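Here is a small set of exercises to work through with the model open beside you. Try each task before you read its solution.

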Amino acid sequence: MAKVRMRINGRVRTLGVEPQVSLLDALRERLDLTGTKKGCNQGACGACTVLVDGERICSCLALAVQYEGREITTIEGVAETDLAHPLQSAFIRHDGFQCGYCTSGQICSAIGMLAEHAVGAPSAVTEHLGSVPELTDDEIRERMSGNLCRCGAYNGIVDAIKEVAKL
Ligand code: FES
Ligand code: FES
């Protein structure tokens, strides 16, 4: 059993975990942060996406012990005030979900994606490198392609992200 200390949603948490415990299982089963979902448990669906120091990762592929001292943000921590995060509100306005199982991962991923885009990170469909590409539907779809939605709410998801990107 290893002791690991992380800052999770702004609060320092210390927990004892076996070395093989994933960050996803640590969040859900040890810390009761069940907003982060387990879909495939093998890095294929994005339901488990959280932010580590602002970067999106699949928490099912990460071992909790690797994250000593890091800043983790889950869907429970994305809103900075009592108000919802702008993406949470936009997902509601644009019908960006049906069952909601993928939604936590979609929103955390979109937050990370917008930060990547803001510093000019290209995607596989970016035509001109070296400048911040316009966030077209194709760019959003490509950049969010690691997050699957079995309900097929993709049009609403793209519209919600596009709206927030323009704010
Ligand atoms: S549960 Fe992690 S990618 Fe599917
Ligand atoms: S809203 Fe059901 S899986 Fe996306």
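**Exercise 1. Describe how H2 and H3 pack: find the angle, the class of the angle and the handedness.**

Step 1. The axes of H2 and H3 are 10 Å apart and make an angle of about 125°. Axes here are lines fitted to C-alpha atoms, for helices over the stretch in contact, and angles run from 0 to 180 degrees between N-to-C directions. Helices (H or I, at least four residues) and strands (E, at least two) are DSSP runs, numbered from the N terminus.

Step 2. H2 and H3 are therefore oblique to each other. The classes are roughly parallel for angles under 35 degrees, roughly antiparallel over 145, roughly perpendicular from 65 to 115, and oblique for the rest.

Step 3. The crossing of H2 past H3 is right-handed. A crossing is right-handed if the near helix is turned clockwise from the far one by less than a right angle, and left-handed if anticlockwise.

A word on conventions before going on: this is a predicted model, in which local features need pLDDT of at least 70 and side-chain atom pairs count only at pLDDT 80 or more, while totals for chains, interfaces and linings use all residues. Residues are numbered from 1 along each chain as its sequence is written, chains are lettered from A and ligands numbered from 1 in the order in which they are written, and side-chain values use heavy atoms, with hydrogens and water left out.

**Exercise 2. Now bring in H5: how does helix H3 (residues 103–118) pack against H5, and how do the axes of H2 and H5 cross?**

Step 1. For H3 and H5, the axes lie 11 Å apart at an angle of about 40°. H3 and H5 are therefore oblique to each other, and H3 passes H5 in a right-handed crossing.

Step 2. For helix H2 (residues 86–93) and helix H5 (residues 154–165), the axes come within 8 Å and cross at roughly 135°. That angle makes H2 oblique to H5. Here too, H2 passes H5 in a right-handed crossing.

**Exercise 3. Place Asp32 and Asn41, and say what marks the phi of Asp32 and of Asn41.**

Step 1. Asp32 sits in the loop between helix H1 (23–30) and strand S3 (49–52). Asn41 is also in the loop between H1 and S3.

Step 2. Asp32 is not a glycine, yet its phi is positive, near 60°. Asn41, again not a glycine, has a positive phi of about 60°.

Step 3. With a relative accessible area of 63%, Asp32 is exposed, whereas Asn41, at 36%, counts as partly exposed. The cut-offs are under 20% relative accessible area for buried, over 50% for exposed, and in between for partly exposed (1.4 Å probe, protein chains only).

**Exercise 4. Ser59 and Ala64: buried or exposed?**

Step 1. Locate Ala64 in the loop between strand S4 (55–58) and strand S5 (71–73). Ser59 belongs to the loop between S4 and S5 as well.

Step 2. Ser59 is buried, at a relative accessible area of 0%. Ala64 is buried too, with 0% relative accessibility.

Step 3. Check two C-alpha separations. Ser59 and Leu24 are 35 residues apart along the chain and 4.8 Å apart in space. Ala64 and Ile107 are 43 residues apart along the chain, with 22 Å between their C-alpha atoms.

**Exercise 5. Which residues line the largest pocket, and what is its volume?**

Step 1. The lining consists of Val125, Thr126, Glu127, His128, Ser131, Val132, Pro133, Glu134, Thr136, Asp138 and Glu139. A pocket is an open set of points on a 1 Å grid over the protein atoms alone, where a 1.4 Å probe fits, with protein on both sides within 12 Å along at least five of seven lines; lining residues have an atom within 4 Å of a point.

Step 2. The volume of the largest pocket is about 170 Å³, a volume being the space filled by probe spheres set on the points.

Step 3. Sorting the lining gives three nonpolar, four polar and four charged residues. Ala, Val, Leu, Ile, Met, Phe, Trp, Tyr, Cys and Pro count as nonpolar, Asp, Glu, Lys and Arg as charged, and the others, Gly among them, as polar.
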